[in-house]
Amino acid sequence: MKYSPKKKIKKMTNDKIFDEIGCPDNLKKCKDEIKRHKKHIEKLSNQLLDFERIIEEKENEIIIIKNR
């Protein structure tokens, strides 16, 4: 197959690239799901920090009791 300079090549811009495959409908759903996952990760991170604080307190109590 030879390249023919007479044929016009359609150039696709980034502006409408996702419109052609139906992504705008799914994009909002995906963004919402990402937000939900980020909130869940933040919640788990806070729980982990709380558990680390509790463990540190318990370790300090053990040290105090051992030194009595």
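Partly exposed, the label that fits Glu57, covers relative accessible areas between the buried limit of under 20% and the exposed limit of over 50%. With that in hand, here are the views of this predicted model.

**View 1. The whole chain, a single helix without strands.** The protein chain holds 1 helix and 0 strands. Helix α1 spans residues 23-66, and it is the setting for the close-ups that follow. Of the 68 residues in the chain, 0% count as buried. The accessible surface comes to about 7600 Å², and carbon and sulfur atoms account for 58% of that area.

**View 2. Arg53 and Glu57 joined by a salt bridge.** Here the closest N and O atoms of Arg53 and Glu57 sit 2.9 Å apart. Both residues belong to helix α1, where a spacing of 4 residues amounts to about one turn. Have a look at the surroundings too: Arg53 has 42% relative accessibility and counts as partly exposed. Glu57, at 38%, is likewise partly exposed.

**View 3. Asp32 and Lys28 joined by a salt bridge.** In this view the side chains of Asp32 and Lys28 meet with an N to O distance of 3.5 Å. The two residues are 4 apart in helix α1, so about one helical turn separates them. Asp32 has a relative accessibility of 37% and is therefore partly exposed. Lys28 reaches 57%, which makes this residue exposed.

**View 4. The salt bridges of the model together.** How many salt bridges does the count give? The count comes to 2. One of them links Arg53 with Glu57, and another links Asp32 with Lys28.

Definitions and conventions: Residues are numbered from 1 along each chain as its sequence is written. This is a predicted model: local features need pLDDT of at least 70, side-chain atom pairs count only at pLDDT 80 or more; totals for chains, interfaces and linings use all residues. Side-chain values use heavy atoms; hydrogens and water are left out. A salt bridge is a side-chain nitrogen of Lys or Arg within 4 Å of a carboxyl oxygen of Asp or Glu. Buried means under 20% relative accessible area, exposed over 50%, partly exposed in between (1.4 Å probe, protein chains only). Accessible areas come from the Shrake-Rupley method with a 1.4 Å probe; for residues, only the protein chains shown count as cover.
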